[in-house]
Amino acid sequence: MATSSSKQGAMEIDATRSLAITVERNPPEARLLELGIKSWPKWGCPPGKFPLKFDAQETCYLLKGRVKASVKGSSECVEFGARDLVIFPKGLSCTWDVSVAVDKHYKFDSSSS
C-alpha cells in the first residue's frame with residue numbers, strides 16, 4: 001500500500017512562494033534514477049564558509065558532507081548533508097558553512113535562465 005507525505009509536498013510549494021531552499025531527506029533510489037543523478041557533473045569543496053548566488057535553479061544530491069546554509073537578508077538557516085536532495089531557487093543568495101567536506105552531483109535548470 002502506497003502512502004503519501006503531504007508535509008513534504010507543502011514544503012515544496014513553499015519554495016515557489018519565496019526564495020526558499022528545499023531539502024528532500026534520503027530520497028528513494030527510484031527517485032534518484034528517475035532524475036538521472038549519476039550522469040550529473042560532480043563538485044566538491046573542503047570545510048569553510050562560501051558565499052553563493054544562484055543565477056539559475058540548482059538541484060544537487062550530496063554524496064558526502066554537512067552544510068548549514070544561511071539565506072542572505074533572512075534569519076532562515078537550512079542544514080543538509082549526505083544523501084539529501086537539495087533545490088536552490090534562481091536568485092537565492094546564501095552562505096554555506098561547510099563542517100564536513102562536500103562531494104555532490106548537481107544540475108542547473110536551463111529553463112530558469
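These are notes on the fold, core, pocket and cysteines of a predicted model.

1. **Overall fold.** The protein has two helices and seven strands. Read from the N terminus, the elements follow the order α-β-α-β-β-β-β-β-β. The protein has 113 residues, and 35% of them are buried.

2. **Contact range.** Take the contacts with a separation of 6 or more. Of these, 76% join residues 24 or more positions apart. V78 and V23 illustrate sequence distance against space: they are 55 residues apart in sequence, yet their C-alpha atoms are 8.4 Å apart.

3. **Main core.** The largest nonpolar core contains 18 residues. Which members touch the most others? They are I21, F80, V86, F88 and W96. Four strands, β4 (58-71), β5 (77-81), β6 (84-88) and β7, each supply at least two residues of this core. The largest share is that of β4, with five residues.

4. **Second core.** Another core lies apart from the largest one. It has five residues, including L32, I37, W40 and Y61.

5. **F80.** Leave out residues up to four places away in sequence. F80 then touches V23, R25, L62, R66, V67, A69, V86, F88 and W96. Three of the names in that list, V86, F88 and W96, also appear with F80 among the core members that touch the most others. The arginines R25 and R66 are on the F80 list as well.

6. **V78.** This residue sits in strand β5. Is V78 buried or exposed? It counts as buried because its relative accessible area is 12%, under the 20% cut-off. Beyond four places in sequence, V78 touches I21, V23, V67, K68 and A69. V23, V67 and A69 are also touched by F80.

7. **Largest pocket.** The largest pocket holds about 150 Å³ of space. Its lining consists of W43, L52, K53, F54, D55, E58, W96, K104, Y106 and F108. Two elements give two or more residues to this lining: β3 (48-53) and β7 (93-108). Strand β7 gives the most, with four residues.

8. **Lining chemistry.** What is the class make-up of the pocket lining? It has six nonpolar residues and four charged ones, with no polar residues. W96 deserves a second look: it lines the pocket, and it is also one of the core residues that touch the most other members.

9. **E58.** This pocket-lining residue is found in strand β4. E58 is charged by class, yet it is classed as buried because its relative accessible area is 4%, under the 20% cut-off. Outside the four-place window, E58 touches V86, I87, F88, K104, Y106, K107 and F108. Of these, K104, Y106 and F108 line the largest pocket too. V86 and F88 belong to the largest nonpolar core, and E58 touches both. That puts E58 in contact with pocket-lining residues and with core members.

10. **Cysteines.** How many disulfides does the structure hold? Zero. C77 is in no disulfide, and its nearest cysteine sulfur, on C94, is 9.8 Å away. The cut-off for a disulfide is 2.5 Å between sulfur atoms. Burial of C45 and C77 is as follows. C45 is buried, with a relative accessible area of 9%. C77 is partly exposed, at 39%.

Notes:
Residues numbered from 1 in each chain as written. Predicted model: local features only at pLDDT ≥ 70, side-chain atom pairs only at ≥ 80, totals over all residues. Heavy atoms only, no water. 1 Å grid on protein atoms, 1.4 Å probe; cavity = no way out; pocket = protein on both sides within 12 Å on 5 of 7 lines; lining within 4 Å. Points joined across faces, edges and corners; volume = space filled by probe spheres on them. Core = buried A, V, L, I, M, F, W, Y, C linked by side-chain atoms within 4.5 Å. Buried < 20%, exposed > 50% of the residue type's maximum accessible area, 1.4 Å probe, protein only. Contact = heavy atoms within 4.5 Å.
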